[in-house]
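User: I'm new to reading protein structures. Could you go through this one with me and explain the terms as we meet them?

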Amino acid sequence: MRLPVHRMRSARFLLVCAAVGVAVLGATAVVASGAAGSSAVNTKLFAYVNEPDEPYNGIWLKDANGELVTHLDPGTYDIEVDDRSTLSSFHLIGPGVDVKTTIEGVGQTTWTVTFTDGFYSYHCDFLPSVMHGSFTVGNPPPPPPPPPPAKCVVPKLVGKSVAKAKRKLSAAHCRTGAVRHGQSRLPRGIVYWQSRKPGARLPRGTQIGMRVSR
């Protein structure tokens with residue numbers, strides 16, 4: 001038996017709606033699945049080392065804005081390292097981190113490192129006193145107090161020439177005081193008396209007088 005025309009149209013409309021609903025549910029399921037599978041992207045940093053006659057003495061660590069890194073938040077970072085010199089290396093050290101390139105090697109690599117609160121530094125293993133840098137992470141502990149100033153530990157000057165006595169005073173963090181001449185059994189130009197006893201510990205820069213044989 002054939003259905004009336006208006007009933008056939010209603011049935012087709014219901015079938016179309018059902019198909020659209022299935023498609024929408026499928027799309028929703030795909031989006032939800034994609035969101036569940038996503039993961040966080042680590043912040044990128046950029047390390048560079050070449051020759052010491054370049055800016056920053058040829059070694060630096062910068063952020064994505066090209067700014068020199070001086071402080072970071074704790075977390076995991078991807079560091080893209082560009083080592084361009086066969087005479088330099090990039091060595092990064094700090095709490096939980098000790099990674100480096102070789103002095104002879106060149107090329108690019110990526111390190112994934114996790115920084116925690118503390119002090120970090122980087123340098124070239126070939127010229128560490130020239131090529132170096134540092135930064136802090138989070139809330140590092142305060143730096144240790146500076147060492148107490150060196151004392152003037154009076155050296156033995158008697159029996160030395162004036163020139164040698166002055167060098168010994170300088171090395172001992174003392175200063176040369178008044179130098180007078182007098183009669184002595186020692187050869188001419190030799191110190192035969194000093195104003196402070198050898199071994200005395202005095203404030204840095206204390207002047208030590210001498211008498212020199214005529």
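User: What makes the disulfide of Cys-152 and Cys-174 right-handed?

Analyst: Happy to help! Keep in mind that this is a predicted model. The torsion about the S-S bond of Cys-152 and Cys-174 is about 100°, so this disulfide is right-handed.

User: How do you know that a disulfide joins Cys-152 to Cys-174?

Analyst: Two cysteine sulfur atoms count as a disulfide when they are within 2.5 Å. From S to S, Cys-152 and Cys-174 are 1.9 Å apart, so the pair meets that cut-off. The structure holds one disulfide.

User: Which parts does the pair tie together?

Analyst: Cys-152 belongs to strand E10 (residues 152-153), while Cys-174 sits in the loop between helix H2 (162-171) and strand E11 (175-182), so the bond links parts that are 22 residues apart in sequence. Both Cys-152 and Cys-174 are buried.

User: Why is Cys-124 called buried?

Analyst: Buried means under 20% relative accessible area. Cys-124 has 0% relative accessibility, so it counts as buried.

User: Now the sheet. Why do strands E2 and E7 stand at the edges?

Analyst: Four strands form an open sheet in the order E2-E1-E4-E7, with mixed pairing. E2 (59-62) and E7 (107-115) each have a single partner strand, so one side of each lacks a neighbour in the sheet. On average, neighbouring strands here are turned by 20° against each other, direction ignored.

User: How do you know that E4 and E7 pair?

Analyst: Pairing takes at least two bridges between the strands. E4 (residues 75-83) and E7 have nine bridges, in the antiparallel sense, so they count as paired. Thr-76 stands opposite Thr-114 in E7.

Terms used. Residues are numbered from 1 along each chain as its sequence is written. This is a predicted model: local features need pLDDT of at least 70, side-chain atom pairs count only at pLDDT 80 or more; totals for chains, interfaces and linings use all residues. Side-chain values use heavy atoms; hydrogens and water are left out. Helices (H or I, at least four residues) and strands (E, at least two) are DSSP runs, numbered from the N terminus. Axes are lines fitted to C-alpha atoms, for helices over the stretch in contact, and angles run from 0 to 180 degrees between N-to-C directions. Buried means under 20% relative accessible area, exposed over 50%, partly exposed in between (1.4 Å probe, protein chains only).
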